[in-house]
Every structure is written in C-alpha cells, then in structure tokens.
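Here is a set of short exercises to work through with the model open beside you. Try each task before reading its solution.

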Amino acid sequence: MFLQSFPCKPVPLNTMIQAVAIQIHVGILFTICTIYLPPNQTICQSELDNLLGQLLAPFILLGDMNGHSYIWGSSDTNSRGLQIEKLTFDHNLCILNDNSKTYFHSINRTFHTIDLAICSPSIITRWDFTVDENLYNSDHFPIILKYFDISVQIPRRPQRFIFDKANWQLFTLYSELNPDMVQMDDIDSATETVTKHIVEAAERSIPKTSGKFPKQWRPWWDEKYAEACKKLNKAWNYFRRYPTTNYYVAFKEAKAVARRIKRQNKRNTFQNYVSSIQNNTKSKVMWKKVRKLLGMYKMGHSVSILNFNGQIISDIERIADTLVTWRKAVIIPIPKPGKDPQIPTSYRPIALTSCLCKLMERMVNARLVRVLEENGFLSNFQSGFRYGRGTIDNVLMLEKAIRDAFVTKKHLVSVFFDMDKAYDRTWRYGILKDMYNMGFRGKLPILIKNFLMTRTFQVRIGDILSQNFQQYEGVPQGSVLSVILFIIKLNGIINHLPQYVHSSLYVDDLQIYCASANMSFIECQLQTAVRNITCWANKNGFIISNQKTSCVHFCKIRGIHPHPEIFLKDTPIPVVSEAKFLGIIFDEKLTFKPHILNLKRKCVKTLNLLKILSNTSWGADFQSLLKIYKSLILSKLDYGCMIYGSASKSVLQILDPVHHLGLRLASGAFRTSPVHSLYVICGVPCLQFRRQTLSLKYYFRIKSNCEHPMYNRVLHPLFRTFYSNKKSYIPSFGHRMRLLIQDLNMENVDIVAKEEETPPWTERNIAVIDDFSKQTKSLTPDSVYL
C-alpha cells in the first residue's frame, strides 16, 4: 500500500519468494521491494540472488526476513541471518537498521530484530531509520524511513480562501480600483493588473487553508476510547520497561478493553449516522459525512479567472482575440473505474476554464443552436444535445427497424462504430469550413476561430502544476461551445450513405443498418457505407477503432444463414451475438434477455446499500429510503423501459423481485406482505404499469413535435396487416401504443404543441398600464393603493 501522489509503477517479479516491488520517483527514481521469508521455509541463496537481479538500482529491500544476526542487533545468529549477511556482502548492500527491536514475541514475551531495511550504497545517506514504539495491535513495530531531500515537492491540497473568516471591510478597502489600472491599450495587461490587485487584497484580508492533507476523520473516537488508549499505552510502557508477568497481564487486559470499546463505538456511530438520514437531510451534508468517513477530500475548487476592465466591451471579436486567459485550461485527471492507473489513457481529463468565458460561451451557444435548428442545418438523425431529443430516439429507431424486418421475413444487419478520441482529433479548420458552407459570415466565424486557436492547458496534481502545453487540434475539453462545434463537424458523416442504408447518430455514437431478404445485397450496401464513412473520417481527421467496432446480424428466419462479411480497413468487422448501444443491449433475436439480466445484476448490487441502511432496530426513515431506492435503482429500471418493455412477460418478470425487494426494504414490510399493499404504501406502481406510463409519456412527446424524426413512424406505423396476421411477432412501438391507447380509451386526446419561447435577444413590445405613475406618493392616501 503506497501513496499515489508520487509518480510510480509496479515492477513485475519472476520469483517464488513472496515479494512485491514498485518504482517511485521522489527526486530520483528508485525501487522499493517488500519481502517476507517464512521462518520454517528453506530459501535458496540463488533465489535471493535472482530477486535482486530483477530490481533496478538503486533499490530498498525491506520486510520480515526472520533472520537473526549480531550485525543488526540480535542476541544470536541463525542460518537465515548468515544467509542475509552473505547476500549483503555479495551484492555490496547496506543495512539501515540501528539495532532497534522490531518484533515482539507475545508467547515468550521477548523482543527481536527480524524486520530489516537493506538499500543500495548510493542512497544510504538520504534515509533515516527509526522504529515506532507502538505496536498498533500487531506484533511488529512499524519501521519509518525518512527521506532527506529539500528539493522534493510533496503534493498538497491547493490552498483555498476561508470565506467564513473573511474581513470584508478590509477586503473592500484593499480591493478598491483606480482608473489607471484599467486605462490601458492592451486588455490582457488591464486584466492581469486588476486580477493581481484583487488577489492581493484577498490574501491580505481572507485567511487560507494550510494545504496539508487532513487526517482521516474518526467519528467513533470519543473520551472513553481516548482514556482506554491512554491506559493501554501506559500498560505497554510499563511492560516494556519491566517485562514481568503482572505487567504483561495488565497490558493484555488494557488491550482487550480498548479493542472492545473501539468496536462498540464504531457500531454505535454507524447506527447513529444511518438513523440521522431523514427526509429533510440535505444530500450535500450526507455525502460530506460519507467522504469524511472514507478519508476522501476534495483536491481543490475550480479556479476562475477574474476579468474586469471598468467598461462594457461590445466588440465580441476583440474579446476572443485578446483575452489569452480565456483560452487557458487547468486539467485535472480523474481515474476511470476499473482501469490501470499506470496507463495515461485510463484517466478522464476534467478541464477547468474561466467562468466568465463559460458565460460568454453560453450566450453564443444559445444563438448558434437556434440558428442551426431554425435553418435545419443539423441532420434529423443527430440526437445529441438537442432540445426534445435523447438517446431513446436512436434506440427506438433501431428497435422499430428490427421488428419490421422480423415480421417481413428479412435480415437486418447493424454496424456499431466507435471513434478513438473523437474530441481531441476534431479538425478545427474543418469546423470553420462547414460553418462557411452553412452560410455563416461576419464576426461569428472569426469568434469561433479565435476561440479554437492557441488553446493552452496545464495538468494539476494536488497543488503542483505542469508546464504549459498547447493544444493544436481538437475542440477544448470543458467548454460549452465544444459540443455544438463537434456536432457541426460530425454532421456530414451520414450524408455519404447509400440509399438503402439508414443511420442514427448521438454525438459520436454512430450506428448504421440495412434490411433486405438478400444477404448479398446487404453486404454490398453496408460495405459501400463503411467505405464511404472511412474515407470521410480519413479526410476529416477521425479514426474509427477496429477493435471496438462490431456488427450484429438480426434474423428470425429459420434455417442456417451465413453471417455477413464486412471489412473495415481490410480488417473484417466481428459479428457478435449482442451489442450495447446507448445503454441498451441488443441481442440477435431481440429478446432483450441479456439486457434485463445485466440490469438485474447492477440493481441487485445497488440494493446492498439499502440493506445496510434499513435495519430493524436502527436506520434511515421511510421517506429517505424510498428516495434512495427511486434515485439509485428505479431510475435504472426506467431507462429504456419503453424499448425493452416489448420483451416477453417471462423475461420482464425477472425484474419484479428486484422491485419488490426494494419496496420491502424501504417500507420495512415483512416478506409475507402482499406486493399490492407495498404498491399502495410506497405510492409506487408495479413495473408493468410504470413501463406503460413512461411509454405513453414518450409517445405523446413525439406526437407534440411534428418535426421529430420518429413522428410518422410512430403515429402512422407500417405493416399493420402483417402484425395483425402474425400474432407471434411482437409489434413495433407505434402498434403497441395504438393498442394500449385503445384499451385506455385515449384515442381522442389532443396534444397541444409547445410554443417556442421568445429568445431574450429579440425586442419585446410590452404595454404596461401604470395608473400609479400619475399619483404623487406624498399626496396620495393609503386607501388608493389598497
């Protein structure tokens, strides 16, 4: 176990000895290897020599070696000790031990030195060896190695201002601006001067945090346990000084008492914390306690860049062209769960940019998106980050096509593409070129150009910043405008498809499909589409991943049918039995059973949290548990339920026990309680009714928007006769909703289209009748106003 604040990586070892090693960089690069040599096991000298041969010098070898020798302070010498002596002499190594005892034998009540620290001679002067006097409920004393090098920077938490202790009167006095600070020709100089002045005023009037990492919070530590620890340390010191039987018994009793009090305090503290989760408990307060319990702390707040020049600037082109600080970002790498932390690609970069720049981006983004939507520049099949659209639109499009192919006895082959680092490889000049082709002229393209060019960033680990790097390609991370600019660039990828190949796009998640009774025709059409997409990607700087791109052959026709052979850059696209598309797993028979099993697996794992929080004698209240269930579990069951709800009843019933168990845990009901009473008590319907309700909401949302790409396909679905004659085939979404609406007698429900709001930048002629403006307040009695 080691602190990952320093750059480090594991060292693979090929040995039968119990040993692990890492390489770490603290001013110099050296290797640390921990080793355990069992006392009753024979270790060959060649095995030790082989282990040292795999360690890159300089290195430190430390651990429990069970060797006794006069050299490191033992009262005798055994064979293991002679073996270690020979090892140090043969490899010219140094022993850091200072004759301190490192092990307490509880049976014989004796002290020994069997834990050793051995290092290369080149680094022996950099380390100081000490042994802690406390056992910490172990039989080995902790070994402490201190590294002496003032040039090593230990990562710390970024210092932040403590605003609760600020002297605002003093800050107001020191932060007063004078006209000379802003009357400059260069806006960057004015910004830097004003920012520096305000920061200096803040440092003089607002205290800061120390920047040190706080110790892990122990809420179970109270006066009773502190007194028990005090008695334990006192008994231990007496025993170490006078190792008699009476002092040893007193030490064991004090140790048992301290351990019992610690366990009771931990149990009571957790019970009290869970019981404090009430309906009015703020989530921020609750999660703050959880992070403190886990020893997790924020690495620092976002640093916003202050910009002020004392006047209103109307030339937006000049702002983007001159403010260099607006084009600078601080990158904080966040490790991806389940990924190797030693690989740079296993981190998700979180970019912190100027808050004022984000405000300006939002204003530009609102007008740019409105122009793109009003003129129809964006493809109708792009659903990413657009008003009234979502991932379910693309999933529904594919599900309907597969259902229609099944009922008409056709094959449907779908290819799911994946792009490597699409954001970072976006062609900037291509964005400007596409905007020019759309008809954008004037200052907006110049603003976008200046916004994209000369982007710089720094990487921050703790409070240590790297040097400035320039981003030559791609759209900036953490920017509001980046999403719409990326969509503009990727908008043309689906304009190069053959007539019989259909597609859907959610930002960079591209999926194409083709349906036909002739597999050769499908192969020809899809191969042409893949070739066109690859050519477009190469021309515009994108790379399609061969490893992550997959293909699924959807078919219910009886008999043996060969899978399609489609090539991507001379590499065959693998044909898989199931693929995950926008969170929904599609299998080749469209039973949705793999998706539902995966969904149940995730929900059952999350239910463990409810099991902990809902105890019979203590725990959170009913409303809090119900909210936790709805937010963590029911939300997962709701996502895509209008799509996977078309599965058979036997498959859908797999999720019912999860729903019932969650309601039982939240309400505290018995296992024998009827499920219908659970629905009434919790106010949550069964999953079937919930799926129908959400499906109806989604249906009427499509019906209220005549420009929705699925409007005609859902309201006027095809193959009605086919589905009526073939009852064994599950109908598509539009037919399912038609039958449900007929059963509920909702055929004559009219949906009022939502009116578009007037944008804030247009003029509004509002007439106001103000009779009070004619009255003089001092001469008008109060009865007039009443």
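A cavity is a set of grid points where a 1.4 Å probe fits but cannot get out, and its volume is the space filled by probe spheres set on those points. Keep in mind that this is a predicted model.

**Exercise 1. Describe the second largest cavity and its lining.**

Step 1. Begin with the search of the whole structure, which finds 2 cavities of 30 Å³ or more. The second largest cavity holds about 40 Å³ of space.

Step 2. List the lining: Leu 637, Asp 638, Cys 641, Tyr 644, Leu 687, Arg 690 and Arg 691.

Step 3. Assign these residues to helices. At least two lining residues come from each of α17 (622-638), α18 (641-644) and α22 (687-703). The biggest share is that of α22, with 3 residues.

Step 4. Sort the lining by character: 4 residues are nonpolar, 3 are charged and no polar ones occur.

**Exercise 2. Classify the ring pair of Trp 221 and Tyr 225, and compare the exposure of the two residues.**

Step 1. Recall what is needed: a pair of aromatic rings is described by the distance of the centres and the angle of the planes.

Step 2. Place the pair in context. There are 33 aromatic pairs in the whole structure. For Trp 221 and Tyr 225, the ring centres are 4.9 Å apart and the planes meet at 90°, so this pair is edge-to-face. The cut-off at work here is that planes over 60 degrees apart count as edge-to-face.

Step 3. Turn to accessibility. Trp 221 has 43% relative accessibility and counts as partly exposed, whereas Tyr 225, at 8%, is buried.

**Exercise 3. Follow Arg 109 from its backbone to its ring partner.**

Step 1. Locate Arg 109 in the loop between β6 (103-105) and β7 (110-112).

Step 2. Check the backbone. Most residues other than glycine have a negative phi. Arg 109 is not a glycine, yet its phi is positive, at about 55°.

Step 3. Check the surroundings. Arg 109 is partly exposed, with a relative accessible area of 27%. Arg 109 also lies over the face of Tyr 248, 5.1 Å from the ring centre.

Step 4. Look at what Tyr 248 belongs to: ring pairs link it into a cluster with Phe 104, Phe 111, Phe 141, Trp 236, Phe 239 and Phe 251.

Step 5. For another charge over a ring, see Arg 455, whose charged end sits over Phe 451 at 4.8 Å from the ring centre.

**Exercise 4. Find the buried residues of α12 and what they pack against.**

Step 1. Along α12 (residues 428-438), the buried residues are Arg 428, Gly 430, Ile 431, Leu 432, Asp 434, Met 435 and Met 438.

Step 2. These buried residues pack against α10 (355-374), α13 (443-452), α14 (481-490), β14 (455-461) and β16 (469-471).

Step 3. Just past the helix, Gly 439 has a positive phi of about 105°.

**Exercise 5. Inspect two more backbone sites, Leu 590 and Pro 58.**

Step 1. Leu 590 has a positive phi of about 55°, although it is not a glycine. Look for Leu 590 in the loop between β24 (584-587) and α16 (593-613).

Step 2. Is Leu 590 buried or exposed? With a relative accessible area of 2%, Leu 590 is buried.

Step 3. Move to the peptide bond from Ala 57 to Pro 58, which is cis, with omega near -5°. Pro 58 lies in the loop between α1 (45-54) and β4 (59-64).

Note on methods
Residues are numbered from 1 along each chain as its sequence is written. This is a predicted model: local features need pLDDT of at least 70, side-chain atom pairs count only at pLDDT 80 or more; totals for chains, interfaces and linings use all residues. Side-chain values use heavy atoms; hydrogens and water are left out. Rings of Phe, Tyr and Trp (its six-membered ring) pair if their centres lie within 6.5 Å; planes under 30 degrees apart count as stacked, over 60 as edge-to-face and the rest as tilted. Buried means under 20% relative accessible area, exposed over 50%, partly exposed in between (1.4 Å probe, protein chains only). A charge sits over a ring if NZ of Lys or CZ of Arg is within 6 Å of the ring centre and within 35 degrees of the ring normal. Helices (H or I, at least four residues) and strands (E, at least two) are DSSP runs, numbered from the N terminus. Contact means heavy atoms within 4.5 Å. On a 1 Å grid over the protein atoms alone, a cavity is a set of points where a 1.4 Å probe fits but cannot get out, and a pocket is an open set with protein on both sides within 12 Å along at least five of seven lines; lining residues have an atom within 4 Å of a point. Ala, Val, Leu, Ile, Met, Phe, Trp, Tyr, Cys and Pro count as nonpolar, Asp, Glu, Lys and Arg as charged, and the others, Gly among them, as polar.
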